[in-house]
Each structure stands twice: as C-alpha cells, then as structure tokens.
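Reader: Hello! I am new to this structure and would love a close look at one part of it. Could you walk me through a single strand and its surroundings, and then some of the charged pairs?

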Amino acid sequence: MKWLILFSLVPIHRLVANKDPLCLIANHRYVEHLPGLSNCSFAGSIEFEGPSSMSDGRYFDIAKKQLLSMQLVIDYVNQHQCGISLNQNNYSLEIRSFDDYSSTEWTKRISNHLVRKKIKHSSNNKHSSIVIGGYSSVLTEPLADIINSTIYNNFSKGSGVNTVSNISSLLLLSPGSAATSVFRDRDTAFGLLPPTHKYTAQAMKKLAQLGAESVATFWEDASFTRGVCGAVSEHAAKYGMRVTSSEQVNINPNATHLQPIAKKLSKENPDVVVSCVYSNGCTEWINVLRRERWSPRAQVFTVCVGSPELRESVGNDVEYMMGVTPWSPTLSEQIKDAVTGWSAKEFTKQYKDASTDDLTYHAAAAAATISIAIQALQRQHKLPQLAEGEDYNISKKLEQGYKSPIGSNATKLSLRDILSTQSFRTMYGDITFDTNGQSKNPFLLIQYDQNGKVQTVYPE
C-alpha cells in the first residue's frame with residue numbers, strides 16, 4: 001500500500017410513478033413488467049415497501065444504486081424462480097418505493113402511511129411486514145422510530161423470549177444506515193451496515209502499522225458522520241496514534257466551510273486525515289487541499305471512494321485516496337447468495353449489465369437486504385411452531401428436533417426472532433445481526449491506485 005500522493009447512470013427504473021392522496025410519489029416494480037413468465041403460476045404477490053430518494057437531492061446518487069440493486073434481485077427471483085415458495089404456493093415479489101426527496105419530513109409522512117396501511121390491510125398477505133429503509137441514517141431514524149413506536153414491546157433482541165403485542169407487525173430492514181442511534185432500543189429495526197464505531201478500525205490499525213503517528217478528523221453534522229469520526233480517538237489510542245484535532249462542519253459543506261480547516265491542518269500536519277462527509281464534501285475537501293497545496297500522508301474518506309461522481313469531479317486527484325467499506329466485489333466466490341446463487345463477482349456483473357455507474361457497497365447491501373427478507377419469510381414458513389408464550393431458543397429447539405404442537409395455541413416463530421438469531425448467506429457476505437440489530441461484518445480499507453481503480457489494501 002502506498003501513502004497518499006495528492007498532486008502527482010443509468011436512471012433508476014421509473015416504471016410506475018403515481019401520486020396517492022397524501023401526495024406521495026410511488027415507484028412500483030412488479031411482475032407484469034417481466035417477459036417469459038408463461039410457465040409461472042402465482043397464488044398472489046408479496047410487496048416490499050419503503051422510502052427512497054428518487055429525486056435529485058443530497059442522497060439521490062447512492063439511493064438510485066440501492067433501488068436498482070433491489071429491483072435486480074426481485075426481477076431475477078420472479079423471472080427465474082417464479083417468485084418465492086411459501087406454503088407450497090408461489091408468490092411474485094413487488095417493491096414499491098416512495099420518494100422521500102432526501103427529507104426527514106417526507107420520510108415521516110411515508111412512515112405513517114405505511115403503518116396505517118398495514119393496520120388497515122392486516123389480513124392481506126400481499127403487504128409484507130418487512131419495510132425496506134432508504135439511504136442515510138438521517139432519514140432512516142424517523143422511519144425506525146415510527147415503526148418501533150407502534151408496538152408494546154417487552155422483547156429483547158436475541159433473548160429468545162417472545163412477549164410482543166405488535167399493532168402494525170412491521171419490521172425494518174435497512175441497507176443504508178449505520179448510526180447506532182437508529183437501532184438502539186428499537187427491537188423492530190435491523191441494519192445491513194455495521195455500527196459506525198467499526199468503520200475506521202481496520203484503517204487505523206493498518207496505517208499505524210505503516211508508521212502513522214498522528215490523525216485529525218472532521219465531520220458533517222449528521223448522526224452517521226458524527227458517529228464514525230467520534231470513534232477515531234478510541235482507535236487512535238488503541239494503536240498508539242495522537243489526535244491533533246477534531247472538528248464538526250456544516251451539513252453539505254462547501255469550500256468556505258472547509259478552507260479554515262485545511263489551513264489549520266496544514267499547520268498541524270497530521271499523518272492521517274479522516275473526513276466523515278458525504279459525496280459533495282469529499283469533492284470540496286479535495287479541491288480545497290489542492291488550493292492549499294497541502295496533503296496528509298494518508299487521506300481517508302467514509303463514503304465516497306469508489307463513486308463515479310468523485311472521480312468525475314476531481315480527476316486524477318483521486319489517486320491514492322483511501323476509504324472504508326464493508327464489502328468488496330472480490331469477496332470469495334465460495335460465498336453465494338442463498339436466494340439468487342450470485343457471488344459478489346456475479347452480482348457485480350448483473351449490476352454492470354444494468355448500469356454504467358460504479359458499484360459501491362451501498363448497492364450490494366441493498367441487494368442483500370431483499371435476499372435476507374426473502375430468506376426470513378421462507379424460514380418462518382418452514383420452521384416448527386411453538387406454544388404461545390413459550391420461552392425458547394430457536395437454534396436449540398431445532399437441534400432437538402422440536403415438533404409443532406397440535407392445538408389452537410400454536411403460533412409461528414416471528415420474523416424478528418429469525419433475524420435476531422440466525423445467519424443469512426448473501427452476495428454481501430454471511431450476515432448476522434448483533435444485539436443492537438446491526439451487521440457484525442468487518443470493514444475493509446480500500447484505495448485508488450495510480451490508474452484510478454479501487455483496490456482492497458487491508459486485509460489483503
């Protein structure tokens with residue numbers, strides 16, 4: 001790995017866009033749009049719903065990758081497997097995404113709509129109890145809060161005790177949120193991104209091994225970015241590095257906000273700068289560094305490395321920039337998704353065939369979210385039933401060959417229990433959730449090479 005040497009779309013499928021009475025714009029992907037289904041017989045359909053930033057805005061660039069990836073999985077399952085099999089019947093899959101305009105207020109409106117809809121149609125099997133979150137912790141937190149606030153809950157994730165009375169029966173699977181605050185004390189929320197405090201752990205370890213002795217951080221004023229950079233001091237202490245400064249900047253910072261930080265850091269001259277910013281902040285920071293004619297020995301970003309927008313904006317200045325990711329297209333080909341059969345490499349091909357955008361971990365996390373939702377639904381229908389109110393541990397009961405009791409007091413295992421206690425094989429890796437409902441996956445350190453290509457540099 002080299003130290004940093006700074007100076008040396010296909011649009012998402014807008015198949016159906018309609019406005020409901022609440023002025024929510026919906027994008028609906030469903031089976032009727034697919035060819036070659038004459039041999040399929042569907043008993044009905046199962047619909048996943050949730051918000052997505054479908055209009056140009058702060059989160060659109062990543063949200064469109066995620067929506068496309070989810071559609072790829074759903075289309076593949078419908079077209080090549082005749083949907084999913086539940087109770088010996090096949091059901092087609094649908095996904096309905098509501099435009100949140102990169103806004104928390106619109107996200108709240110969508111969330112309340114989904115809860116009311118679930119209550120109204122509680123007996124309709126079409127409406128899945130799994131809500132798919134959009135991109136960013138900022139937008140996902142109100143969604144998680146509204147879904148979780150609809151239950152009276154004495155259940156603790158992974159405890160094995162099911163004493164839940166759930167008004168809406170909704171669960172949240174989030175492909176685009178890492179902030180611990182989104183999931184803490186919300187037993188209905190699960191996230192595909194590891195917790196924010198893990199983001200820079202591997203990067204700090206490797207850079208310390210290479211001789212880095214000091215680090216500075218700055219972050220946008222948002223829960224995700226604040227959480228990622230907030231953990232840097234802990235990692236620095238662990239690996240014997242000194243923190244020269246830590247500073248918060250405005251949301252969506254521009255050169256005016258970042259110029260004073262660049263001047264300050266050029267005097268401190270830390271070996272490493274960790275910048276916890278979104279896409280626009282990355283571009284602005286690199287441009288500011290060029291104007292200051294200063295660079296750290298290593299520049300680490302949290303989101304934008306690998307995005308086409310960054311390379312297009314700053315050109316060759318991306319060379320040797322570093323980033324962190326929970327996923328890589330070079331993931332072992334032995335790990336194949338349990339639903340589609342895709343490895344990371346095969347998923348990458350599917351994505352590249354559908355889009356000219358560079359593939360980032362956000363898209364892979366979204367594809368895996370649909371896979372996990374399908375796996376959980378199928379397992380719920382295959383696993384044995386337990387007596388109502390019984391204290392149980394799923395894996396132990398299965399090992400003991402537990403049989404379904406006969407009688408009206410039998411109840412199906414909840415999706416929440418399945419998500420809390422089991423592992424799911426996906427093109428994104430083998431996913432299990434911690435006690436907070438977040439992925440246990442580790443992070444990788446990645447870096448642009450001299451040709452502007454992203455390489456995994458640690459672990460090698």
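Author: Here is a look at strand 13, followed by some salt bridges. The model is predicted, so to speak: local features need pLDDT of at least 70, side-chain atom pairs count only at pLDDT 80 or more, and totals for chains, interfaces and linings use all residues. Residues are numbered from 1 along each chain as its sequence is written, and side-chain values use heavy atoms, with hydrogens and water left out.

Let us start with the strand. Strand 13 covers residues 272-276, and 5 of its 5 residues are buried, so the rest of the structure largely encloses it. Buried means under 20% relative accessible area, exposed means over 50%, and partly exposed lies in between (1.4 Å probe, protein chains only). Strands (E, at least two residues) and helices (H or I, at least four) are DSSP runs, numbered from the N terminus. Cover is found on both faces of strand 13: Val-272, Val-274 and Cys-276 are buried on one side, and Val-273 and Ser-275 on the other.

Now for its partners. Two strands pair if DSSP finds at least two bridges between them. Strand 13 pairs in the parallel sense with strand 11 (residues 214-220) over 5 bridges, and Phe-218 stands opposite Ser-275 of strand 13. Strand 14 (residues 298-301) also runs parallel to strand 13, joined to it by 4 bridges. Here Val-273 has Gln-299 of strand 14 as its bridge partner. Together with helix 9 (residues 279-292), strands 13 and 14 make a right-handed β-α-β unit; right-handed means that, with the strands pointing away from the viewer, the path from the first strand over the helix to the second runs clockwise.

Next come the charged pairs. A salt bridge is a side-chain nitrogen of Lys or Arg within 4 Å of a carboxyl oxygen of Asp or Glu, and the structure holds 20 of them. One of these joins the side chains of Glu-47 and Arg-96 (3.1 Å, N to O). This pair links distant parts of the chain, with Glu-47 in strand 3 (residues 44-52) and Arg-96 in strand 5 (residues 89-99), 49 residues apart. Glu-47 is buried at a relative accessible area of 1%, and Arg-96 is buried at 15%. Both belong to a network of salt bridges that also links Glu-49 and Lys-117.

For a pair in another setting, take Lys-336 and Glu-346, whose side chains meet in a salt bridge (3.3 Å, N to O). Lys-336 counts as partly exposed at 36% relative accessibility, and Glu-346 likewise at 31%.
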